[in-house]
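Here are a few exercises for getting to know a new structure. Grab a pencil, try each one yourself, and then read the solution.

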Amino acid sequence: MASAVVPKRQDTRKFFENLSGAGKSIAVLTSGGDAQGMNAAVRAVVRMGIYVGAKVYFIHEGYQGMVDGGDNIKEATWESVSSMLQVGGTVIGSARCKEFRTHEGRLKAAHNLVQRGITNLCVIGGDGSLTGANLFREEWSGLLDELLQQGLIDKEAARSNSELHIVGMVGSIDNDFCGTDMTIGTDSALHRIIEVVDAIMTTAQSHQRTFVLEVMGRHCGYLALVSALACGADWVFIPEMPPEDGWEDSMCQKLSESRSRGSRLNIIIVAEGAIDRQGQPITSGFVKDLVVRCLGFDTRVTILGHVQRGGTPSAFDRILASRMGVEAVLALLEASASTPACVVSLVGNQAVRLPLMECVQMTQEVQKAMDEKKFEEAVRLRGRSFENNLTTYRLLSYRKADSELPNGEEEAGDEEQCDSSFNVAVLNVGAPAAGMNAAVRSAVRVGITEGHKMFAVNDGFEGFYKGQIKEIKWGDVGGWTGQGGSLLGTKRTLPGKHLEKIAEQMRIHNINALLVIGGFEAYVGLLELSAARDKYNEFCVPMVMVPATVSNNIPGSDLSIGSDTALNAITDTCDRIKQSASGTKRRVFIIETMGGYCGYLATVGGLAAGADTVYIYEEPFDIRDLQANVEHLTQKMKTSIQRGLVLRNENCNENFTTDFVYQLYTEEGRGVFDCRKNILGHMQQGGAPSPFDRNFGTKVAAKAIQWITRTLKDSYKGGRVFANSEDTACLLGMRRRALVFQPVAQLRDETDFVHRIPKEQWWLKLRPLMKILAKYKTSYDVSDSGQLEHVTRIRPKESNTSATI
């Protein structure tokens with residue numbers, strides 16, 4: 001695998017072999033508040049920089065180090081960023097620097113950079129740090145003139161360092177920067193919050209308590225909003241959307257109603273910058289006193305504080321930061337005097353470059369809109385991802401009174417069907433995946449809100465034909481978001497052999513629409529049901545599938561519910577294993593991951609864990625590749641990094657089994673390193689869902705139910721539902737930047753049914769990136785890397801982006 005597979009259509013692609021860093025110097029610094037994942041970004045910048053032949057420098061202690069110079073600016077080596085990937089915070093230090101805000105401070109900084117020939121800066125920080133970098137760039141030629149006049153540099157130095165290029169990456173746990181879906185550190189901060197909320201829920205349940213949690217976010221409510229979505233909080237306060245006047249009564253009424261329906265706890269989440277409509281702060285203490293005074297509930301306050309900044313970065317943040325670090329180096333290599341300073345970012349699943357000052361101005365406009373009490377405008381400016389989160393939260397928190405529900409939710413009779421109330425069945429199919437329950441909860445509650453009667457099917461299609469179908473109410477799904485596995489029960493059984501019985505059950509229960517949440521079997525099952533529409537009228541109803549499988553092997557979707565949780569399980573285990581290997585020295589671990597024939601978990605897990613080699617089915621390898629990999633590790637053992645990590649997808653090759661690879665490495669590495677093997681197995685399917693999976697599940701299921709409602713209205717004619725066109729049996733998937741509904745029949749051609757994988761998979765383009773970071777020479781296609789775009793551009797209509805998390 002040392003040699004990359006030569007891509008087809010060579011002529012249409014652009015490879016970065018032409019982009020050389022020879023003779024260039026790049027400096028990387030972290031500034032402002034720290035965020036988990038900054039180290040992964042630093043590591044990627046250093047390794048990619050060295051890979052393209054540039055000199056790379058660390059600037060320790062942020063801008064303060066740049067002003068002070070001396071030992072604060074040190075050349076980086078390949079080994080110096082080893083073992084950084086799994087460490088939180090920033091190992092090169094960060095400091096807030098008043099001196100850099102002065103002209104004299106920037107003059108000193110310029111002198112220190114020119115002395116080392118550094119004209120490329122990679123700044124990882126928040127909007128303040130990036131604005132400072134841009135000002136520095138604008139003043140650069142003036143600063144050089146001053147240094148020349150003062151005799152501190154000569155004309156040659158001024159000429160050879162005449163242009164300063166700057167690329168920014170946003171490291172901020174608040175996710176408060178416009179133009180980017182996710183900033184480095186946000187996902188990890190959500191992990192910390194959700195760990196705390198899950199722990200608090202168990203104690204609150206025991207004592208029937210109400211907990212008020214205060215989370216970070218002085219000017220941005222992202223963390224509060226997403227953690228409220230991910231734990232199903234009763235109420236949330238965020239600065240962008242203050243509650244309506246009189247909220248005190250509404251909130252107390254809602255808490256009291258939830259208790260009267262049998263709930264034993266309430267969770268209220270407050271962003272530290274929360275305000276009311278008059279701009280007055282709403283504090284966690286005030287909310288607590290209000291609940292005690294009005295309801296008399298036993299109430300406690302927990303302020304999370306700096307816990308949110310700490311801990312190890314999540315798999316998502318490591319991958320985000322690694323991709324952005326490599327992209328930043330490419331942007332610096334391609335920069336010219338005319339290109340504006342840019343920020344590299346991720347929108348959906350795609351790397352983009354955005355002009356730094358456009359993003360900063362947009363971010364400042366949000367604050368301005370909030371100051372002017374234009375709250376709807378502030379939410380819109382925050383971007384589509386924030387808006388979608390807020391819409392979904394509102395949808396789920398709005399519960400109609402029982403009397404408002406069609407037929408009264410409590411005792412719905414079989415009266416004449418009205419055209420807004422339908423029977424919708426939800427089922428899980430395939431292997432369990434974390435986040436399935438969050439999706440079911442969201443579907444049930446949004447369905448009830450939209451006026452439908454919701455039915456739960458236990459044990460997939462097997463339970464369907466056996467008649468394990470019952471109505472499911474609002475309260476039945478309380479507390480489901482944080483539960484792993486599948487509470488409805490799930491089986492791999494396909495419907496093909498039981499069509500007659502399934503049709504009969506649909507007739508008995510008068511099922512008007514189907515939502516299937518599951519993996520490859522769910523997709524095949526939907527194909528079988530839609531193909532049988534000619535024979536069975538019962539299947540002529542809207543059907544939609546939401547992908548949920550740890551393997552992430554569903555055609556039509558870049559991501560599936562459950563794969564993020566599995567990646568975190570793999571990454572955590574690999575971190576522990578690497579620690580063990582570092583202790584014993586000269587040890588290589590061979591780790592087998594799940595995924596069937598799909599190499600997603602192995603590849604992306606390898607990128608997040610810093611693996612040396614990853615074997616997958618999609619990229620064939622032979623004995624020569626194995627030999628080259630052993631040789632590569634032998635060379636590595638001569639450096640200061642004396643450990644190795646090799647990941648192998650379970651079905652990557654029927655003959656080169658995990659045992660075979662282990663034995664080969666043991667034999668070939670004799671005297672240089674010893675080997676251990678580890679099969680991760682079903683632990684990748686278990687555990688509490690990650691914040692990403694809870695959220696992704698919640699949002700796609702809500703969107704699926706809204707599609708069902710629209711499709712039902714369109715296909716309700718003459719007193720019954722009849723839908724038999726291709727576009728009424730769909731898969732809802734995430735494609736690059738958008739969530740799209742695709743007819744399953746049209747996805748057939750994109751599928752390799754024998755190996756249960758899509759014929760084309762986006763993540764294969766991350767493989768060269770992983771190899772480069774592990775010091776392999778390879779071909780890297782940059783034709784897909786970010787082109788400079790503009791922030792103000794309206795995004796595609798359906799763009800409910802991935803990292804929307």
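**Exercise 1.** Which helix gives the most to the lining of the largest cavity?

*Solution.* Keep in mind that we're working with a predicted model.

Step 1: Start with the cavities. The count comes to three cavities of 30 Å³ or more, and the largest cavity has a volume of about 210 Å³.

Step 2: Look at what surrounds the largest cavity. Its lining is made of 16 residues. Nearest its centre lie Phe316, Ile319, Asn349, Leu559 and Tyr600.

Step 3: Sort by helix. Helix H10 (315-334), helix H18 (563-584) and helix H19 (600-609) each supply at least two residues of this lining. With four residues, H10 gives the most.

**Exercise 2.** Divide the lining of the largest cavity into nonpolar, polar and charged residues.

*Solution.* Go class by class. You should find 10 nonpolar residues, then four polar ones, and finally two charged ones.

**Exercise 3.** Describe how helix H20 and helix H21 cross, and find the residues that meet.

*Solution.* A quick reminder before we start: two packed helices are described by the angle between their axes and the distance between the axes.

Step 1: Find the helices. H20 covers residues 623-636, while H21 covers residues 658-668.

Step 2: Check distance and angle. The axes of H20 and H21 come within 10 Å and cross at roughly 50°. That angle makes H20 oblique to H21.

Step 3: Get the handedness. H20 passes H21 in a right-handed crossing.

Step 4: List who meets whom. From H20 we have Ile623, Leu626, Gln627, Asn629, Val630 and Leu633. On the H21 side they meet Phe660, Val661, Leu664, Tyr665 and Glu668.

Step 5: Sort the contact of H20 with H21 by class. It divides into eight nonpolar residues, two polar and one charged.

**Exercise 4.** Now do the job for helix H4 and helix H11: are they parallel or oblique to each other?

*Solution.* Step 1: H4 spans residues 127-149 and H11 spans residues 356-371. They pack at an angle of about 135°, with their axes 10 Å apart.

Step 2: H4 and H11 are therefore oblique to each other. As for handedness, H4 passes H11 in a left-handed crossing.

Step 3: Pick out the contact residues. H4 brings Asp127, Leu130, Thr131 and Asn134, and H11 brings Leu356, Met357, Val360 and Thr363.

Step 4: Finish with the classes. The contact of H4 with H11 has four nonpolar, three polar and one charged residues.

Methods. Residues are numbered from 1 along each chain as its sequence is written. This is a predicted model: local features need pLDDT of at least 70, side-chain atom pairs count only at pLDDT 80 or more; totals for chains, interfaces and linings use all residues. Side-chain values use heavy atoms; hydrogens and water are left out. On a 1 Å grid over the protein atoms alone, a cavity is a set of points where a 1.4 Å probe fits but cannot get out, and a pocket is an open set with protein on both sides within 12 Å along at least five of seven lines; lining residues have an atom within 4 Å of a point. Grid points are joined across faces, edges and corners, and a volume is the space filled by probe spheres set on the points. Ala, Val, Leu, Ile, Met, Phe, Trp, Tyr, Cys and Pro count as nonpolar, Asp, Glu, Lys and Arg as charged, and the others, Gly among them, as polar. Axes are lines fitted to C-alpha atoms, for helices over the stretch in contact, and angles run from 0 to 180 degrees between N-to-C directions. Angles under 35 degrees count as roughly parallel, over 145 as roughly antiparallel, 65 to 115 as roughly perpendicular and the rest as oblique. A crossing is left-handed if the near helix is turned anticlockwise from the far one by less than a right angle, and right-handed if clockwise. Contact means heavy atoms within 4.5 Å.
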